[in-house]
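Work through the exercises below with the model open. Each task is followed by its solution.

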Amino acid sequence: MLKICFVCLGNICRSPMAEFIMKNKIKNLNLEKDFYITSKATSKEESGNDIYPLAKKTLQIHHIPYQLHSASTIEASDYQKFDLFIGMDINNINTMKKLFDNDPENKVYRLLDFTKLKKDIDDPWYTRDFEKSYQEIDQGCTELLNILKTN
Ligand code: 4NP
């Protein structure tokens, strides 16, 4: 089983959207027994909070099922618990590399580096463009899953 943790700053917008988008793709392919998917924050700002309402609404528009969520923060001890940590922007990557002793097992990646875009997923908390975040996260998850399926 491959264990993937999606990571963003607050764990209420981008990384929970990625978690539930990816879970939906995995379910549709009947691969649920092969993957464990979750999401966490680099900050403690939103600890314990549910998915942000506009992120939930965007998931609903696209018919992506989601469950009750409680934002939590990554810790150094998480490094051995997961195979991959997928950050949304370069700040997430830099924070994780510091926390994880410079990532000796190469587990830390930026989501859109699996696509042609090779850029950050801007924080919709600030841009307010949740649809753009959704589209980019969906594209990133599709490409990531394609790579993982064939490996
Ligand atoms: P996220 O968005 O990193 O996509 O979950 C944010 C949500 C809240 C905050 C920052 C980013 N905040 O600072 O409270």
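**Exercise 1: polar contacts of the ligand**

Find the polar partners of the ligand's oxygen atoms, starting with G10.

Step 1. A backbone N or O atom of G10 lies 2.8 Å from a ligand oxygen. That is a polar contact (a pair of N or O atoms within 3.5 Å).
Step 2. Turn to R14: an N or O atom of its side chain is 2.8 Å from an oxygen atom of the ligand.
Step 3. At D123, a polar side-chain atom lies 2.9 Å from a ligand oxygen.
Step 4. Check the cover: the ligand has 350 Å² of accessible area on its own, and the protein covers 93% of it. Areas come from the Shrake-Rupley method with a 1.4 Å probe.

This is a predicted model: local features need pLDDT of at least 70, side-chain atom pairs count only at pLDDT 80 or more, and totals for chains, interfaces and linings use all residues. Residues are numbered from 1 along each chain as its sequence is written, and side-chain values use heavy atoms, with hydrogens and water left out.

**Exercise 2: the shell**

List the residues around the ligand and sort them by class.

Step 1. Take residues with a heavy atom within 4 Å. They are C8, L9, G10, N11, I12, C13, R14, E45, E46, D123, W125 and Y126.
Step 2. Sort them: six are nonpolar, two polar and four charged. Here Ala, Val, Leu, Ile, Met, Phe, Trp, Tyr, Cys and Pro count as nonpolar, Asp, Glu, Lys and Arg as charged, and the others, Gly among them, as polar.

Definitions and conventions. A polar contact is a pair of N or O atoms within 3.5 Å; within protein, one must be able to donate a hydrogen and the other to accept it, and residues adjacent in sequence count only if both atoms are side-chain atoms.
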